[in-house]
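Work through the exercises below with the sequence and the model open. Each task is followed by a solution in steps.

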Amino acid sequence: AEKCNFDMEPQCGRPLGLAVDIDGGLLFTDAYRGLVKLHFGADGNVSRTEFLANEAEGIPFKFSNAVVVTSTGRIIFTVSS
């Protein structure tokens with residue numbers, strides 16, 4: 001498999017912000033893929049990757065960059081255009 005390099009960044013991804021949600025999933029923003037969540041199995045390995053959001057009202061996000069989870073579980077993330 002070809003290794004990722006700077007020129008391949010849009011295909012390989014660029015994870016930026018990290019947060020743990022209230023059910024223990026790892027949330028991260030990827031500059032190109034938007035908001036992503038990793039689910040973990042009982043063995044601690046990633047069991048599923050869920051792409052949560054990469055557009056709003058049909059307009060793709062240009063550069064997702066930070067994520068936080070509030071004490072009530074609300075997920076807030078930022079996008080730069």
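## Exercise 1: a salt bridge in strand 4

R48 and E50 are joined by their side chains in a salt bridge, with 3.8 Å from N to O. The term stands for a side-chain nitrogen of Lys or Arg within 4 Å of a carboxyl oxygen of Asp or Glu.

The model is predicted: local features need pLDDT of at least 70, side-chain atom pairs count only at pLDDT 80 or more, and totals for chains, interfaces and linings use all residues. Residues are numbered from 1 along each chain as its sequence is written, and side-chain values use heavy atoms, with hydrogens and water left out.

Task: classify R48 and E50 by relative accessibility.

Step 1. Set the classes: buried is under 20% relative accessible area, exposed is over 50%, and partly exposed is in between (1.4 Å probe, protein chains only).

Step 2. R48 has 43% relative accessibility and therefore counts as partly exposed.

Step 3. E50, with a relative accessible area of 26%, is partly exposed.

## Exercise 2: the network around K37

Task: state how many salt bridges the structure holds, and trace the network that contains K37.

Step 1. The count of salt bridges is four.

Step 2. D21 and K37 form one of them, and their closest N and O atoms are 2.7 Å apart. D21 sits in the loop between strand 1 (15–20) and strand 2 (26–30), while K37 belongs to strand 3 (residues 34–40), so that this pair links distant parts of the chain, 16 residues apart. Strands here are DSSP runs (E, at least two residues), numbered from the N terminus; helices are H or I runs of at least four residues.

Step 3. K37 also forms a salt bridge with D23, where the closest N and O atoms are 3.2 Å apart. D23 is in the loop between strand 1 and strand 2 and K37 is in strand 3, so this pair ties together parts 14 residues apart in sequence.

Step 4. Taken together, D21, D23 and K37 are linked in a network of salt bridges.

Task: which of these residues are buried or exposed?

Step 1. D21 and K37 are both buried; for K37 the relative accessibility is 8%.

Step 2. D23 reaches 56% relative accessibility and therefore counts as exposed.

## Exercise 3: the sheet

Task: give the strand order and identify the edge strands.

Step 1. Four strands make an open sheet, ordered 1-2-3-4, with antiparallel pairing. Two strands pair if DSSP finds at least two bridges between them.

Step 2. Strand 1 and strand 4 (46–53) are at the edges with a single partner strand each, so one side of each has no neighbour in the sheet.

Step 3. From one strand to the next, the twist averages 25°. Axes for such angles are lines fitted to C-alpha atoms (for helices over the stretch in contact), and the angles run from 0 to 180 degrees between N-to-C directions.

Task: go through the strand pairs and name a bridge partner in each.

Step 1. Strand 1 and strand 2 are antiparallel over four bridges, and P15 has D30 in strand 2 as its bridge partner. Their hairpin has five residues between the strands, and G24 takes a positive phi near 90° there.

Step 2. Strand 2 and strand 3 run antiparallel and are joined by five bridges; the partner of T29 in strand 3 is L35. The hairpin between these strands passes through three residues. In strand 2, four of the five residues are buried.

Step 3. Strand 3 and strand 4 pair over six bridges in the antiparallel sense, with H39 opposite R48 in strand 4.
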